[in-house]
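Before any simulation is set up, it helps to go through a model step by step. The questions below do so for the chain shown here.

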Amino acid sequence: MLGYIALGIVLAVALYAVLVYNGLVRYRNWIQESWAQIDVQLKRRHDLIPNLVETVKGYMKYEQETLAKIVEMRSRLIQGTPEERMEANQELGGALRHLFALAEAYPDLKANTTFLRLQEELTTTENKIAYARQLYNKTVAEYNIRREVFPANILASLFGFRRVEQLAIPEEEREAPQVKLT
């Protein structure tokens with residue numbers, strides 16, 4: 001009788017270990033999937049930029065430095081670690097905002113349907129990137145919680161499940177923009 005109880009306890013512990021392990025593997029794969037969603041949107045943005053630059057070139061003869069900077073940042077968008085790529089994405093976003101602000105000085109460009117379509121597509125892509133970042137961070141948070149709670153933390157460290165960092169917002173974007181109506 002005592003042997004059956006011991007066997008039952010061993011089986012329960014083994015079943016728990018399998019469930020915890022499989023849950024951690026599932027979350028690790030969800031993290032990879034959610035990063036892949038960000039990656040798809042970064043690639044989409046990467047592919048839209050040459051069309052935007054070509055559309056703008058003819059109008060903005062005096063803004064070649066801005067266009068060159070955007071092209072250089074574009075190449076960094078699909079290289080490096082996820083953190084480096086998200087940093088490049090932030091920098092590129094700032095350069096594109098600058099480009100769109102400069103476009104205000106070119107009425108013909110502002111009226112160009114190709115430019116307007118590309119601007120809308122880039123805005124939509126930005127929204128998709130933001131959503132994908134939210135999903136990534138949510139998945140990472142759930143994974144980290146599951147891996148850090150007791151007794152799962154013992155199994156997580158035993159099987160080499162490491163903490164994953166969330167994507168953070170740069171400090172300069174944490175400040176609320178100042179709106180001045182004059």
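**Surface, fold and core**

The protein chain of this predicted model exposes about 11900 Å², of which carbon and sulfur atoms supply 58%.

Q: Is the protein chain a compact globule or more spread out, judged by its radius of gyration?
A: The secondary structure of the protein chain comes to seven helices and zero strands, and its C-alpha atoms fill a box of roughly 90 × 35 × 25 Å along the principal axes. For 182 residues the globule rule gives 16 Å, whereas the radius of gyration is 24 Å, well over that value, so the chain is more spread out than a compact globule.

Q: Which helix gives the most to the largest nonpolar core?
A: This core has 41 residues, and I38, L52, V56, M60, I70, L96 and L99 are those with the most contacts inside it. At least two of its residues come from each of α1 (2-57), α2 (64-76), α3 (82-103), α5 (113-148) and α6 (152-158). The helix that gives the most, with 13 residues, is α1.

Q: Which residues is L52 in contact with, leaving aside its neighbours within four places in sequence?
A: L52 is among the residues with the most contacts inside the largest nonpolar core. Once those sequence neighbours are left aside, the contacts of L52 are L96, L99, F100, F115, L118 and L122.

Q: Is H98 buried, partly exposed or exposed?
A: H98 lies in helix α3, and its relative accessible area is 42%. Buried means under 20% and exposed over 50%, so H98 falls in between and counts as partly exposed.

Key
Residues numbered from 1 in each chain as written. Predicted model: local features only at pLDDT ≥ 70, side-chain atom pairs only at ≥ 80, totals over all residues. Heavy atoms only, no water. Core = buried A, V, L, I, M, F, W, Y, C linked by side-chain atoms within 4.5 Å. Buried < 20%, exposed > 50% of the residue type's maximum accessible area, 1.4 Å probe, protein only. Helix = DSSP H or I, 4+ residues; strand = E, 2+ residues; numbered from the N terminus. Contact = heavy atoms within 4.5 Å. Rg over C-alpha atoms; globule rule 2.2 N^0.38 Å. Areas by Shrake-Rupley, 256 points an atom, 1.4 Å probe, with all protein chains shown as cover.
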